[in-house]
Amino acid sequence: MSKNTNGKAKTGLSRRNVLKGTAAVAGLAAGSTIGGFPTIWAQEDITVRTVGMAVSNMPQLEAMANEALPFNVKQTAAQIPDIMARGINQSASADLFEPPMMLLRAMWPTGKFQAWDTTKLPEWDQVVDLYKAPGKIWPDAWYGDGQNPSQVGYTSGPEARDFVDPGSTKWITHHPVLHNADTLGIRPDIIGRPIDSWKELINPEFAGRSALVAFPQIGLMDAAMAFQANGEIEYGDKGNMTREEIDFSIDRLIDLKKSGHWRVLWSTFNESVQLMVSGEVVIQSMWSPAVTAVREQGVSCTYQDLKEGYRSWTLGHMLPRHLEGKKLGAVYDYVTWYHSGTAGAFFARQGYYVVTWQNTKKYLPAAEWDFWMEGKPATVDIYSPFGKLMEKVGAVRDGGSYKNRMGRIAVWNSVMDENEYLTDRWNEFMAS
Amino acid sequence: MAGLTAIFNRYSTLFQISPLVITLTLFLVGPVIVIIILSLWKFDGFMTLEGVWTFRNYEKIFTRSLTVTNYLQTGKMLLITLVVTFVLGFTLAYFLVFDLVKLRTKMLLFLLCVVPFWTSAVIRTVAWMPFLGTEGIINQAVVGIGLSDEPLKFLLFSEFAVLLSYIQIFTLFMMAPLFNVMARINKDLIEAARDNGASSIQILWNIILPLCKPGIAIGTIFVIALVASDFTTIRILSGSQVGTVAASMANQIYNVQYPPAAATAMILLLAVLLLVGGIMRLVDVRRQL
């Protein structure tokens, strides 16, 4: 299997070069059997257009894909609401949509998408069990509150709009792409003592120096982690709260706001970085690469491992309904390449995990694998895929190993049943 | 041929206004109709149910106390912004028109007022942060000269910061129309008043101010539209801690709750139209255009 994949990537690369060099020669054809679609890549120009978030749609990855594949790949980065709006209203404007999994319940039932056939995805076996019947990567991992990815992964047929039990069919609603876990970011130099629980987010010690993310669904879950850790409430399901639980949480958020606890609610990656760098905020919910960005400016910042676990997210590739024939084959090939290892290594060096992490191993030097995946101290200097020095020899990755992060998911980014009520109440929090 | 000319003459006005009519229909009336339709569709918490009609989105607006809170907050910020931008805009326009003699100096200084608009709105907003932050220039000065022991937290991520940015950016929108109407005031009028013994205050109150009414009206309409629709400045400079109508709507849109957001938009549009309509009744804007 592994040799096979390796060879595939290589032949893809040479094919591409041939194509580039002799684009003008008529009748040039190259065969491809990737993805179970024996496709002839003839002279006609096939371009796979993807729309997703900036974390996974960027010039470097686009260039890698264009190098490796015999057709063109065009990636477009967009904001979450725009990905969703385009997917639902103009699904023909792209060939692959990459929304966060939390939007699946709003996007899949619209019928604007078609299911993937897992039997035509050669790398599907390598996709971690999180997206299959077990709903977790390791048997002893946590399942997590909220919408576990496996619950919205399967559907009953190629044109169905429903969700069925994970693993019960060969049809999947989305092909999972990446995942990671978020936690609190802290300024250890200013706080000066160990932080090990989400409850510190609401500790009066940090009044006026704490921040939350301003997106209602996610901000409320972070707050819920803190309230539960503080022993104030035991949620039935933090990722799908009842109205009473939402009321309790929002009322507490308003109390804290009135006492001047929240310095700010941030809404962009850069804001969260600047808040930490300037020292305006010393503890806040944060994304892993934002912590890295703070450190790159020479400011000490920790992506803090907490005993209650992580809040996790995942992205998935959705196939718009209009795709057919060669284009559909090309998209299957693209996704197969995506999960065959090189792209995974690229993402691993940014601190993300592709869902076929075992394939990544072949493309990461052992020392880097040990640092990123096993949580071992670095034996070489660690560079980002963009060439920036990230960690020196001896450093240990925050949050430790892959298993320590993704094996301890307390809650999944989710859209709750009471989504509309939550937004209304969140607006009250903003207005209070 | 003659018949064609006759037809053309008869409908010439229609021909002349048709580009504007078509543009407005396509890009203003059309989208508003779409938003009205959207606001009447059902939202089930996850999806917009196309073609399932309901008044629920509007019902919710009129039965929640949040609506009152949001409109009061929007109104309060609008009023403060209007008063301050008027005082500043009027003073600046007066200075440019009446105190300066050379036309070139006038135009040069007027153009200088436009300099902040050479950068994007987000940068203009974000640029306040190094000034107003806890470790910012103002706080360093305040603590440095002993005015306060603690850095002033209200400067940033507060209503104050938002208002400051509104005033900085919207003053020009108030000043420009005022400059325009003031420049058209016949200087002989002022001479005559002075000859008849009017004091400067009397000239200002009885001559200049009344003649500036159309400019005030247009400036006010600009500021109303800008404040009512802003959510970016709120997001960045209040740190999402001030709730206005537009900010609430932005949250609904972020959570892809389009029908409730569309209803909020329609009611806000109606409120703004009422305000603008009221102003148009009070002042004959066209007279001075």
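Hi everyone. Let me start with a term: when I say helix, I mean a DSSP run of H or I at least four residues long, and helices are numbered from the N terminus. With that in hand, B:L4 sits in helix 1 of chain B. One more thing before we go on: what you see above is a predicted model.

So, is B:L4 buried or exposed? B:L4 has 56% relative accessibility, and exposed means over 50%, so this leucine counts as exposed. B:L4 also has company. Together with B:I7, B:F8, B:Y11, B:L14, B:F15, B:I17 and B:V21, B:L4 makes a nonpolar surface patch of about 780 Å². Two elements of chain B each give two or more residues to that patch: helix 1, residues 2-10, and helix 2, residues 12-39. Helix 2 of chain B supplies the largest share, four residues.

Now let's look at where the two chains meet. How many residues does each chain bring to the contact? Chain A brings 39 residues and chain B brings 34. Between them, about 3,200 Å² is buried, and carbon and sulfur atoms give 53% of that area. On the chain A side, A:R263, A:E420 and A:M430 lose the most area to chain B, together 22% of what that side buries.

Please keep A:E420 in mind, as we meet this residue again among the charged pairs. There are five salt bridges between chain A and chain B, and one of them joins the side chains of A:E420 and B:R56, at 3.6 Å from N to O. For polar contacts across this interface, the count is 20 residue pairs, with both residues at pLDDT 80 or more.

Which element gives chain A's side of the interface its largest share? That is helix 15 of chain A, with ten residues. Other elements that give two or more residues to that side include helix 3 (80-89), helix 6 (216-229) and strand 11 (262-266) of chain A.

Last stop, two backbone oddities in chain B. B:F157 is not a glycine, yet has a positive phi of about 55°. B:F157 lies in the loop between helix 8 (137-144) and helix 9 (159-183) of chain B, and counts as buried because its relative accessibility is 8%.

B:S240 is a similar story: again not a glycine, again with a positive phi of about 55°. You'll find B:S240 in the loop between helix 12 (232-237) and helix 13 (245-254) of chain B. This serine is buried too, with a relative accessible area of 5%.

Thanks for listening!

Key:
Residues are numbered from 1 along each chain as its sequence is written. Chains are lettered from A and ligands numbered from 1 in the order in which they are written. This is a predicted model: local features need pLDDT of at least 70, side-chain atom pairs count only at pLDDT 80 or more; totals for chains, interfaces and linings use all residues. Side-chain values use heavy atoms; hydrogens and water are left out. Patches are made of residues with over 30% relative accessible area and no salt bridge: like charges are joined within 9 Å, nonpolar side chains (Val, Leu, Ile, Met, Phe, Trp, Tyr) within 5 Å. Accessible areas come from the Shrake-Rupley method with a 1.4 Å probe; for residues, only the protein chains shown count as cover. A salt bridge is a side-chain nitrogen of Lys or Arg within 4 Å of a carboxyl oxygen of Asp or Glu. Buried means under 20% relative accessible area, exposed over 50%, partly exposed in between (1.4 Å probe, protein chains only). Contact means heavy atoms within 4.5 Å. Buried area is the accessible area (1.4 Å probe) that two parts lose on being put together, summed over both. A polar contact is a pair of N or O atoms within 3.5 Å; within protein, one must be able to donate a hydrogen and the other to accept it, and residues adjacent in sequence count only if both atoms are side-chain atoms.
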